[in-house]
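Me: I would like to work through this structure step by step, with the reasoning set out before each result. Could we begin once the sequence and model are in view?

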Amino acid sequence: MAKAEAQEAAANEIISSDPATGREVGRVSVTTPDEVREAVERSRQVFHMWKTTSFAERRRLVMRAREVILDEMEAIAELISAESGKPKGEAIALEIAPVLDLMQWIARSAEKMLRPRRVGIGLFGLLGRSSRVVYHPLGVVAIIPAWNYPFSIPLGEAVMSLMAGNTVVIKPSELTPLTGLKIGEIFEKAGFPKDAVQIVSGAGETGAALVEAAPDKIAFTGSVATGRKIAEAAAKNLTSVVLELGGKDPMIVLADADLEAATNAAVWGAFCNAGQNCASVERLYVHESIAEELTRRIVEKTGKLNLGPGIDPDVSVGPMSSERQIRIVERHVDDFREAGAVILTGGERYDAARERVSDAGTSEGKISASPRHRVSASLFFAPTVITGATNDMRPMREETFGPTLPICTFATDEEAIALANDTEFGLTASVWTRDIARGRRIAEQIEAGSVCINEHLYTHGIGQTPWGGFKNSGRGRTHGLEGLLELVQPQHIHTNRITLLPDAWWMPYSPAALETFRGFATKFATGSLLKTATLLPQLWKRIRELMK
Ligand code: NDP
């Protein structure tokens, strides 16, 4: 397509293109702000019906949606790969499989997790009182995800929202709009009520319109800068927001680590999805005694990775998603060079990928022009290993979100912890050691939402566990009980079974009342039954006074 035509089309259409080839994957109409408002309004109407459905009915529909995904798995994986560039295998292993697991878990567990529960209220119980907490759905949940996991993140959040009794409006990234529409289609085929899940398409402005339309909750995944904008805009309507933001995640390799496992994990953790993971290894800290050997093995394994279009099963690293993204990586690599770090392998766009694209027959050896962020140059960036990096270098402080692996050394555990925590981010981290107790001690001192011992990156795929960041990596949680509780409002039902006697704190007040209140503060509020017992004569005096 000619560039002018692409730009003309971009006003009311998104043209989704394959970052490996620049080829058009498909087109999607942009939803106008008015249509976004209408979608939220329809969602709110369906909510009043949906919130009354039983957990059994919700479970049935979610399990049916799983079947639809399984039936169409190959086509879905190819679509994810075509729009995002990731290898088809990664689309299955890191998106489809984890979200299927999350679906079966939440479908089976939500009822138990949201069951009304009695809450212990201490000495108030002696006064014939009891408390229960019941959970109510919120209403319309707006889901605004990033492009890097365009299927599993919005789908997982939608399923959790639905199981909690909410309805959903999703605004997929403009880079992966067809994957977003596919999610809507899956819910429709599964038999969910019309408008229980709606997709609105467009770029940032469409997302802003969705925030403006005053949903009851916003589940946002993306950069710190956009997260901040969304939090500001949401504050206008007091809409609460879960923010899943960027990371600069450290991997700490202690001297006693299993070197082979640590090496393989570092290569995978830094280069899968072309490094475009919020939880990628973006800083590797290795004990100085094993740094040389670890680095040698990482460089050797990196050299064996095939780059190419994600549809090719031999390919481990696909293209980056966009020109904007690859330019950040180039700038960071240049910054590393200028600051004195050493690029051991990679470090530039991978032109050979063009030939590989040509070999695979997916283009005529020419990467064609594409709209928006994508341009005609190769979007492949060679996996890059860097040594001599230090925390004061700029790219060690900003999120790169690309296939770079800077390696630094440390001498003591304390130094490793300090280096790992020396960042505005705190999403995930990993510690590699054969001494699990030592690993746990270190893990608990790292300021991050998830810390793995002898693992990295994959825990977003464990739906049962909370996911979210410390510091600027986010607010709130998705997944796990903590994530489910973000999607409901707790209601406290308090009952008093003894109404014959007045409460001692009722009016009118008097000197006896004041004395009783002192007793509340000094005796009852200690939580001690013995101390509270000594208050009984004063309490009885006060109650008699009130009954006169
Ligand atoms: P962005 O912040 O650019 O975009 C995220 C989403 O917000 C997209 O759908 C985008 O639309 C939309 N958007 C953009 N501007 C606005 C606005 N003003 N109002 C409402 N919505 C808006 O992030 P990226 O897409 O670049 O994603 C990469 C980032 O996401 C990285 O920082 C990464 O670490 C983070 N991330 C965090 C995860 C986590 O779990 N913590 C998981 C995955 C990624 P559009 O794309 O159409 O412009």
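Reply: A residue counts as buried when its relative accessible area is under 20% and as exposed when that area is over 50%, with partly exposed in between. The model is predicted, and that cut-off is applied here to strand E13 (residues 384-387). Thr384 and Ile386 point one way from the strand, whereas Val385 and Thr387 point the other way, and all are buried.

Me: Which residue of E13 stands opposite Ile343?
Reply: Strand E12 (residues 342-345) is joined to E13 by three bridges, and the two strands run antiparallel. Within E13, the residue that stands opposite Ile343 is Ile386.

Me: In which sense, parallel or antiparallel, do E13 and strand E14 run?
Reply: E13 is joined to strand E14 (residues 404-410) by four bridges. Thr387 of E13 stands opposite Ile407 in E14. The sense in which E13 and E14 run is parallel.

Me: How many residues of strand E11 are buried, and what stands opposite Val281?
Reply: Strand E11 (residues 281-287) is mostly covered, with seven of its seven residues buried. E11 pairs with strand E10 (residues 249-253) in the parallel sense, over five bridges. The residue that stands opposite Val281 of E11 is Asp249.

Me: Which strands are the edges of the open sheet that contains E4?
Reply: Three strands form this open sheet in the order E3-E4-E18, and the pairing is antiparallel. An edge strand here pairs on one side only, and that applies to strand E3 (117-119) and strand E18 (488-496). Neighbouring strands of the sheet are turned by 35° against each other on average, direction ignored. The edges are therefore E3 and E18.

Me: Which residue of E4 is the bridge partner of Arg117?
Reply: E3 and strand E4 (residues 129-137) run antiparallel and are joined by three bridges. In E4, the bridge partner of Arg117 is Val133.

Me: How is the arrangement of helices H2 and H8 classed by angle?
Reply: The axes of helix H2 (residues 33-50) and helix H8 (residues 204-212) come within 9 Å and cross at roughly 40°. Angles under 35 degrees would count as roughly parallel and those of 65 to 115 as roughly perpendicular, so the crossing makes H2 oblique to H8.

Me: What is the handedness of that crossing, and how many residues of the contact are nonpolar?
Reply: H2 passes H8 in a right-handed crossing. The contact is made by Pro33, Val36 and Val40 of H2 together with Thr206, Ala209 and Leu210 of H8. By class, these residues of the contact include one polar and no charged residue, while the number of nonpolar residues is five.

Me: Why is H17 classed as oblique to H19?
Reply: The axes of helix H17 (residues 511-522) and H19 come within 9 Å and cross at roughly 140°. Roughly antiparallel would need an angle over 145 degrees, so H17 is oblique to H19.

Me: How many charged residues does the contact of H17 with H19 have?
Reply: The crossing of H17 and H19 is left-handed. Ala512, Ala513, Glu515, Thr516 and Phe520 in H17 meet Gln538, Leu539, Arg542 and Glu545 in H19. By class, this contact has four nonpolar and two polar residues, and its number of charged residues is three.

Me: Is Leu539 buried or exposed?
Reply: Leu539 has its place in helix H19 (residues 536-547). Not counting residues up to four places away in sequence, Leu539 touches Ala504, Thr516 and Phe520. The C-alpha atoms of Leu539 and Thr516, which are 23 residues apart along the chain, are separated by 6.2 Å. The relative accessibility of Leu539 is 16%, so Leu539 counts as buried.

Me: What is the relative accessible area of Thr176?
Reply: Thr176 has its place in the loop between strand E6 (167-170) and helix H7 (177-190). Leaving out residues up to four places away in sequence, Thr176 touches Glu83, Ser84, Trp147 and Pro150. Thr176 is buried, and its relative accessible area is 2%.

Me: For the protein as a whole, how many of the contacts between residues at least 6 apart in sequence, in percent, join residues at least 24 apart?
Reply: The secondary structure comes to 19 helices and 18 strands, and the C-alpha trace spans about 95 × 60 × 35 Å along its principal axes. Of the 548 residues of the protein, 55% count as buried. Among contacts between residues at least 6 apart in sequence, the share that joins residues at least 24 apart is 74%.

Terms used:
Residues are numbered from 1 along each chain as its sequence is written. This is a predicted model: local features need pLDDT of at least 70, side-chain atom pairs count only at pLDDT 80 or more; totals for chains, interfaces and linings use all residues. Side-chain values use heavy atoms; hydrogens and water are left out. Buried means under 20% relative accessible area, exposed over 50%, partly exposed in between (1.4 Å probe, protein chains only). Contact means heavy atoms within 4.5 Å. Axes are lines fitted to C-alpha atoms, for helices over the stretch in contact, and angles run from 0 to 180 degrees between N-to-C directions. A crossing is left-handed if the near helix is turned anticlockwise from the far one by less than a right angle, and right-handed if clockwise. Ala, Val, Leu, Ile, Met, Phe, Trp, Tyr, Cys and Pro count as nonpolar, Asp, Glu, Lys and Arg as charged, and the others, Gly among them, as polar.
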